[in-house]
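Please open the model in your viewer and keep the sequence panel beside it, since each stop of this tour asks you to select something and then look at what surrounds it.

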Amino acid sequence: MSARWLILAVAMLLFGSAADAQSYLGPETCQACHAEAYEVWKAGPHARATVSLTGRSAKDGRCLGCHSPQQDKGLAQVTCESCHGPGQFYSPAYVMKDTEVSHAVGLESPGEKACRVCHDASSPSLHPFDYKSKLKLIDHWTAERERRKSTRAQVRVLDEGLGLALVAAPRSSAPSR
Ligand code: HEC
Ligand code: HEC
Ligand code: HEC
Ligand code: HEC
């Protein structure tokens, strides 16, 4: 059994026993590693969803259900974890970098169905929810993927540089007699 599968098995075991007590960490925890996604979210509609509730509605459970779904966990707004699931178990780096493991312990890749939980007929929009066009309006993944691509390119350059250095090293340190 590879180390990866061992991690997966242990992660699922831990997750299974603690799934009921899942903790939400808040968007600043995600920001530490997903700065680009965070910036886009912060400037977008979901980061001010609770701010829109004024007066009595700010305490009205009927409104909070969509405008602040983790209110009972001490988190306002529609946050990263409202869509991607509570992060306690998937946010450690060694879990996050493995898609299969992270999804096994609660990371969600939300799709149209997830949006429609809140963007339904009872929300105040004049137009029916159009997934494709609305998705574009909250795009925080293009920036993330660009960063990942450029990180990989840098690693490649470093790898190649290291390769050259290793090839060059023995020659340059060889006695010159
Ligand atoms: C310790 C750093 C770290 C933290 C904290 C972190 N992530 Fe990640 N996350 C990563 C890494 C590394 C990846 C792998 C891809 C990459 O390089 O960006 C990833 C991948 C993801 C993905 C894509 C997964 C896939 O393969 O489909 C999502 C979605 C995600 N993280 C959401 C979150 C959310 C939401 C939080 C906060 C609760 C969070 N992350 C916290 C490091 C982190
Ligand atoms: C079923 C989920 C849901 C519930 C419940 C809900 N809202 Fe909303 N609300 C939304 C969505 C989704 C939008 C964004 C709609 C759009 O513009 O397409 C929205 C938008 C708004 C806006 C406009 C924000 C802006 O600046 O454009 C206000 C104000 C608002 N809601 C107040 C309330 C109040 C007050 C309640 C409770 C009486 C409430 N909502 C209950 C989902 C909900
Ligand atoms: C309203 C729901 C919603 C919120 C809020 C949200 N996300 Fe996402 N996120 C999505 C969706 C949907 C996608 C995938 C889009 C696609 O690829 O079609 C995504 C994609 C991502 C990805 C890229 C995954 C990949 O495959 O490359 C990362 C990383 C991510 N989100 C992190 C975050 C972080 C961090 C926050 C908070 C700062 C956040 N998200 C808030 C819905 C959301
Ligand atoms: C937990 C509830 C919730 C979920 C899930 C959710 N939203 Fe929202 N969304 C809201 C609320 C509430 C607002 C209104 C924010 C405000 O008060 O201004 C909103 C506003 C928006 C807006 C700006 C108004 C508009 O309609 O143009 C867009 C775009 C949007 N959401 C896209 C999405 C997409 C795409 C998804 C799924 C990936 C999604 N949302 C999932 C609650 C939600």
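The stops below go from one ligand shell to the cores, then to a helix, and finally to a second ligand shell. Bear in mind throughout that this is a predicted model.

**Ligand 1.** Begin by selecting ligand 1 together with the 19 residues around it, of which Cys-30, Cys-33, Gly-87, Met-96 and Thr-99 come nearest. If you then colour the helices, you will find that α2 (27-31), α5 (80-84), α6 (93-96) and α7 (99-104) each supply at least two residues of this shell, and that α5 gives the most, with three residues. Coloured by residue type, the shell around ligand 1 divides into eight nonpolar, eight polar and three charged residues.

**The cores.** Next, select Ala-11, Phe-89, Tyr-90, Val-95, Val-101 and Val-105, the six residues that make up the largest nonpolar core. Within this selection, centre the view on Val-101, which touches Ile-7, Leu-8, Ala-11 and Val-95 when residues up to four places away in sequence are left out of the count. Apart from this largest core lies another one, of five residues, and among them are Cys-30, Ala-37, Tyr-38 and Cys-80.

**Helix α3.** From that second core, move to helix α3, which spans residues 35-42 and whose buried residues are Ala-37, Tyr-38 and Trp-41. Which side of α3 should you look at to see them? These three residues lie on the same side of α3, because they cover an arc of only 100 degrees around the axis.

**Across to α10.** Keep Ala-37 selected and add Thr-142, which is 105 residues apart from Ala-37 in sequence but, C-alpha to C-alpha, 8.7 Å apart from it in space. Thr-142 lies in helix α10, residues 142-173. Is Thr-142 buried or exposed? Thr-142 counts as exposed, because it has 12 C-beta neighbours inside 10 Å, and a residue is called exposed if that count is 12 or fewer.

**Ligand 4.** For the last stop, select ligand 4 and the 22 residues around it, of which Pro-45, Ser-52, Cys-115, Cys-118 and Leu-137 come nearest. Two or more residues of this shell come from each of α4 (61-67), α5, α8 (112-116) and α9 (131-137), and α9 gives the most, with three residues. Coloured by residue type once again, the shell around ligand 4 divides into 14 nonpolar, six polar and two charged residues.

Conventions
Residues are numbered from 1 along each chain as its sequence is written. Chains are lettered from A and ligands numbered from 1 in the order in which they are written. This is a predicted model: local features need pLDDT of at least 70, side-chain atom pairs count only at pLDDT 80 or more; totals for chains, interfaces and linings use all residues. A residue is near a molecule or strand if its C-beta atom, placed from the backbone, lies within 6 Å of it. Helices (H or I, at least four residues) and strands (E, at least two) are DSSP runs, numbered from the N terminus. Ala, Val, Leu, Ile, Met, Phe, Trp, Tyr, Cys and Pro count as nonpolar, Asp, Glu, Lys and Arg as charged, and the others, Gly among them, as polar. A nonpolar core is a set of buried Ala, Val, Leu, Ile, Met, Phe, Trp, Tyr and Cys residues joined through C-beta atoms within 7 Å. A residue is buried if 20 or more other C-beta atoms lie within 10 Å of its own, exposed if 12 or fewer, and partly exposed in between; C-beta atoms are placed from the backbone. Two residues are in contact if their C-beta atoms, placed from the backbone, lie within 7 Å. The arc is that of the directions from the helix axis to the C-beta atoms.
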